[in-house]
Amino acid sequence: MAAARRQTMAGYDHDEIAPVAFAKMCEVAPWDYPVLFWLCNLLHEINGLVDAGGHMGTKYRAFHPLLPLDRTFRWVVYDLPAIVRAGQSLAEKEGLANLSFVDRIGDAGEMPLLLGSGLMQYLDMPLSGLLSQMPSRPQHLILNKVALRKGNTVVTLERIGRSYVPYHMRNEAEFLDDIARLGYKQVDRWSIPSLSHAIDTHPEFGRSESAGFYFRLG
Ligand SMILES: C[S@@+](CC[C@H](N)C(=O)[O-])C[C@H]1O[C@@H](n2cnc3c(N)ncnc32)[C@H](O)[C@@H]1O
């Protein structure tokens, strides 16, 4: 963030960044299908989810036409305050009944599933840090588009609109250990070759692997 602040603007938490790429993120991408598969499989046993890094409800908009969500299903987006403000205001206008927003994950309450789609690249802590802010650990974790590498974790900057946003390429073993230490077992993993990235200014670091996961507690 210190390096980003030397540029025009730093991080995601700005009103003017909320609309950037909104329509694109509301589409169903090819790498969303494993997430849809596991969501469909779990719907019979869950009554809601917390969509961490869920932006203005982009994946809710992409997925809900494809999922048999009943009216009582709670889809709670947790995101940064500026994004939550924009998301809430739009959802009120559109009258989206299932969708609500929080800017503190603890306010989502107990949830059986945490969805983190495109979250881990931007989250400024290990996943365990975020989970520790919840009243209880979700039984299920679905993570998508996690940027991983075999070497040390690297943080670079991504340009989003006028802002520079810290982007984490995590050491794979540390990322997996952090989740395993909480008692989660990996049920599924998929690779997303088209979202592998190299850092233009530091090609010596090689390319990240983008991966998705389904973990279950116990
Ligand atoms: C690329 S968007 C992902 C949007 C959507 N979930 C998807 O998969 O397309 C990343 C989101 O993570 C959010 N984010 C970044 N840091 C965060 C944090 N510390 N806590 C919660 N959300 C965060 C950003 O505000 C942004 O909405």
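Is F73 buried or exposed? At 6% relative accessibility, F73 counts as buried, where buried means under 20% relative accessible area, exposed over 50%, and partly exposed in between (1.4 Å probe, protein chains only). This is a predicted model, in which local features need pLDDT of at least 70 and side-chain atom pairs count only at pLDDT 80 or more, while totals for chains, interfaces and linings use all residues. Residues are numbered from 1 along each chain as its sequence is written, and side-chain values use heavy atoms, with hydrogens and water left out.

**Overall form**

The protein chain holds 7 helices and 9 strands; helices (H or I, at least four residues) and strands (E, at least two) are DSSP runs, numbered from the N terminus. Its radius of gyration is 17 Å, close to the 17 Å that the globule rule gives for 218 residues, so the chain is as compact as a globular protein of that length. That radius is taken over C-alpha atoms, and the globule rule is 2.2 Å times the number of residues to the power 0.38. The C-alpha trace spans about 50 × 40 × 30 Å along its principal axes.

Of the 218 residues in the protein chain, 50% are buried. Among contacts (heavy atoms within 4.5 Å) with a separation of 6 or more, 76% join residues 24 or more positions apart.

**Nonpolar cores**

A nonpolar core is a set of buried Ala, Val, Leu, Ile, Met, Phe, Trp, Tyr and Cys residues joined through side-chain atoms within 4.5 Å. The largest one has 28 residues, of which L39, F63, L67, W75, L99 and I142 touch the most other members. At least two residues of this core come from each of α3 (33-42), α4 (58-63), β2 (74-78), α5 (81-94), β3 (99-102) and β4 (113-117). Helix α3 gives the largest share, 5 residues. A second, separate core of 27 residues includes L127, L143, A211 and F215.

F63 is in contact with D32, V35, L36, L39 and W75, leaving aside neighbours within four places in sequence.

**Individual buried residues**

L141 sits in strand β5 (residues 140-149) and is buried, at 0% relative accessibility. Not counting residues up to four places away in sequence, L141 touches L113, L114, L127, L131, I179, Y184, F213, Y214 and F215. L141 and L113 are 28 residues apart in sequence, with their C-alpha atoms 5.7 Å apart.

K59, in helix α4, is also classed as buried, at 7% relative accessibility. Beyond residues up to four places away in sequence, its contacts are M25, E27, D32, D51, H64, W75, S117 and K145.

F73 lies in the loop between α4 and β2. With neighbours within four places in sequence left aside, F73 is in contact with L43, I46, N47, G48, L49 and N98. The C-alpha atoms of F73 and L148, 75 residues apart along the chain, are separated by 32 Å.

**Positive phi outside glycine**

Two loop residues are listed below.

| Residue | Phi | Loop | Relative accessibility |
|---|---|---|---|
| A21 | about 65° | between α1 (2-5) and α2 (22-25) | 42%, partly exposed |
| H55 | about 55° | between β1 (48-52) and α4 | 4%, buried |

A21 has a positive phi although it is not a glycine, and the same description applies to H55.
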